[in-house]
Amino acid sequence: MTDKPAEQPDSGTAGSGPAVPGAPGAGTGDSAPQAGARRARRKAAASGLPWARRRPRPAGQHSAHGGTDSAAQPAASGPAPAASGADRAAAAGRDAGNRQAAAGAAGAPAPGSGKAAAAGSRNVLGIAAGIALLAVAGTAAAAGSVSGIGSAAAEVPAVAAEVPAGNFTGVCPEPPRLLDSAADETDPQFSPVSESASARARAVVFSDLGGTLPGSSRAELGARKPLVTIAKSTGDSGAEVRGSSEDGQTRLIAGVVPGQALTDPTVLTVEPVAGQQALAGAAMTYRAGDGDLRGLAAANCTAPPNDFWLLGAATTVGATAVLDLHNPTRTPSTVDLELDGTEGRIQAAGARGLLLAPGESRSIVLGGLAAGQDSLAVHVSTSGGPVSGTIQQSILRGLTPGGVELLTPTAGASAQQVITGVVVQSGKLSRSVRSQDGYGSAAPALEVVVPGGQDAALQVRVFGKDGEVELPGGRGATAAAGTVTAVPLDSLPAGTYSVQVSSDVSVVAAARVSRATSKGAPVDFAWAPAAARLGSEHVAVVPGGVGSRLVFGAPAEAAEIKLVPVDGQGGLGKARVVKVPAGTTVSVDPKAGGAGPAAVMVSAAGGAVYGSQVLVASGRPDVSVLPVPAGAQGRQSVPVYLGY
């Protein structure tokens, strides 16, 4: 004979009396699943937690509350809503009564009502403690996630973001002009230059493979009517590129604008070709054989950026530096200037918040912002429309002209900079020129600027035609943060060099070149800015009327350069390949094998190689250095700086 299970009290009673026969839920009137569901709902009501979502325990497994289940507990269909404080207390009492009856049915002595109430209170306290522990754990996890965020002070290198192809825009600066003696502070007034001075600009635009030139023209800055139209606009810059001419032949040609007189800043505009930015380039040159601005100055006509550095300015007695800014876009621009000297950052009133309207130019005498600086670097940053900028730098030593140059932007801040086209004259001539009073700056030198707040440990290496040349002071140098640091190069033997600057922090760099014919005669100078690594399809415009040498440097690995000349009628000549051994500098005459070209298309392969164009005049001290401009592919991306 089997024992009959004890009858259970009514679900709404928490007392310790005997079970009432026939009451709902008593004895075996309800099935075990129904009773389990009711217990789950009561637990949910008592704790506010979805107990019904837990997995059912096997029959006979001890409950967490000290009871014993006689059958598996099925899960309820969903969580019960949270109950109020009074409801939870009542439910806790009811749950204690149920456990008491269950214990009695199993043959265990029934606990008293006071102990059941105490057990219910312990249950509520235990649940509350569990909730508190979960909250603390969640807070700790959230804190750990926040603490894992990287510091905003960490340097993140810029990444290149591709942008849709637009018009190629090349801004040619105006030629140097002599400041009027009545000019004061930062607003200049210009007087005419010498009678022999002349300035000219040359432009080259390449077609597609079918021989069709993109719509292109050259106009004065802000003017609607072009000075010259190279090719009429087709109105469909997104049309499919032609891979051959109508007769099925591949025919790549160029439209060439020969040396055109230049009096004001001009803009070369070229439409895209089949959704790709056109391959084009332009450059301007200035020459004067007399007057205070005697010498040679040249500049590439490049696209306007939103951020760039200009190195090589000087504002000491006899040195004049004028910053020229141009806005070729249709968007107003706000320009901020940061000035760094040999002693650190210069706080100058009127250097921030300069407004530049569309099509507007502005000239600023840097001596009015930072006087008495023998080495001055200018950082230009804009919001709104991008602007182009150059510095007209000239020197007058007593009554003797000391040269003129257009300082152009150097490569952006990086841990490595490479400068090519650093020409050093013979030591005997250089020493005799520098021995004169006031000619101390007529010497080759490297200048490095550290934009950030940490000093830079530099490694400077110099490469000539036969390999690396050691500097007398060794490779190592230190550059203080926020300052201009000079490294003399006058101890190098005569030759043409490439200079590599490696640093543990980002720096910008440029090199000064000086040229003279004899002691006591006028001298000229130039600044060679650091340039980007060469890729494919760079357009180096070759100015007329002066001698030209293309200079390539490969600091680490050997490289090959392919040169394709473009004549004055737009025809392309035979390509030639120039090998650049690792750790050397190679000079090439672009006129070799034929008449002087209007431009040279430059493409590189192999190791990292850098290039520039050195311009000189025979029998005169004239000198200027042009970096090889960025290729068309490089102009289809913009640097994006991450951080805050």
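These legends accompany close-up views of a predicted model.

**View 1. Strands E2, E9, E6 and E7 form an open sheet.** The sheet has 4 strands, in the order E2-E9-E6-E7. Their pairing is antiparallel. The edges are strand E2 (168–172) and strand E7 (228–231), and each of these pairs on one side only. From one strand to the next, the twist averages 15°.

**View 2. Strand E2 runs antiparallel to strand E9.** E9 covers residues 266–270. The two strands are joined by 5 bridges. One contact to locate is the bridge between glycine 170 and its partner in E9, leucine 268.

**View 3. The largest nonpolar core contains 36 residues.** Which residues have the most contacts inside this core? They are Leu323, Leu337, Leu339, Leu366, Val378, Val380 and Ile391. Several strands give two or more residues to the core, including strand E13 (319–326), strand E14 (333–341), strand E18 (376–384) and strand E19 (388–397). Strand E27 (495–516) and strand E28 (523–529) are also among the elements that do so. The largest share, 5 residues, comes from E12. In soluble globular proteins, nonpolar side chains tend to be buried together.

**View 4. Leucine 366 sits among contacts from the core and beyond its own stretch of sequence.** Residues up to four places away in sequence are not counted here. Leucine 366 then touches Ala313, Thr315, Ala321 and Leu323. It also touches Leu376, Val378 and Ile391. Leu323, Val378 and Ile391 are listed with Leu366 among the residues with the most contacts inside the largest core. Another core, of 31 residues, lies apart from that one. Its members include Ala411, Val424, Val499 and Ala526.

**View 5. The charged end of arginine 397 sits over the ring of tyrosine 439.** The distance to the ring centre is 4.7 Å. How many aromatic pairs does the model count, taking rings with centres within 6.5 Å as a pair? The count comes to 0.

**View 6. Strand E27 is largely enclosed by the rest of the structure.** Why is E27 described as enclosed? Of its 22 residues, 16 are buried, so the rest of the structure largely encloses the strand. Buried here means under 20% relative accessible area.

**View 7. Strand E27 pairs with strands E21, E22 and E23.** Strand E21 (residues 414–424) is joined to E27 by 9 bridges, and the two run antiparallel. Threonine 420 stands opposite serine 498 in E27. Strand E22 (residues 445–449) also runs antiparallel to E27, with 5 bridges. The partner of valine 449 in E27 is valine 508. Strand E23 (residues 456–464) pairs with E27 in the antiparallel sense over 6 bridges. Here leucine 458 has serine 503 as its bridge partner in E27.

**View 8. Strands E27 and E28 form a hairpin.** The strands run antiparallel and are joined by 7 bridges. Arginine 515 stands opposite aspartate 524 in E28. Between the strands lie 6 residues. Glycine 520 takes a positive phi near 90° in this hairpin.

**View 9. Glutamate 537 lies in the loop between E28 and strand E29 (538–541).** Is glutamate 537 buried or exposed? Its relative accessibility is 39%, so it counts as partly exposed. Proline 629 is 92 residues away from glutamate 537 in sequence. In space, the two residues are 9.9 Å apart, C-alpha to C-alpha.

**View 10. Strand E34 pairs with both E29 and E31.** E34 covers residues 599–606. E29 and E34 pair in the antiparallel sense over 4 bridges. In E34, methionine 601 is the bridge partner of valine 539. Strand E31 (residues 559–566) is joined to E34 by 8 bridges, again antiparallel. Alanine 559 has glycine 606 as its bridge partner in E34.

**View 11. Strands E33, E30, E35 and E36 form an open sheet.** The order is E33-E30-E35-E36, with antiparallel pairing. Strand E33 (584–588) and strand E36 (623–627) are the edge strands. Each pairs on one side only. Ignoring direction, neighbouring strands are turned by 25° against each other on average. Strand E30 (residues 547–554) is joined to E33 by 5 bridges. Leucine 550 stands opposite valine 588 in E33.

How values were computed:
Residues are numbered from 1 along each chain as its sequence is written. This is a predicted model: local features need pLDDT of at least 70, side-chain atom pairs count only at pLDDT 80 or more; totals for chains, interfaces and linings use all residues. Side-chain values use heavy atoms; hydrogens and water are left out. Rings of Phe, Tyr and Trp (its six-membered ring) pair if their centres lie within 6.5 Å; planes under 30 degrees apart count as stacked, over 60 as edge-to-face and the rest as tilted. A charge sits over a ring if NZ of Lys or CZ of Arg is within 6 Å of the ring centre and within 35 degrees of the ring normal. Two strands pair if DSSP finds at least two bridges between them. Axes are lines fitted to C-alpha atoms, for helices over the stretch in contact, and angles run from 0 to 180 degrees between N-to-C directions. A nonpolar core is a set of buried Ala, Val, Leu, Ile, Met, Phe, Trp, Tyr and Cys residues joined through side-chain atoms within 4.5 Å. Buried means under 20% relative accessible area, exposed over 50%, partly exposed in between (1.4 Å probe, protein chains only). Contact means heavy atoms within 4.5 Å.
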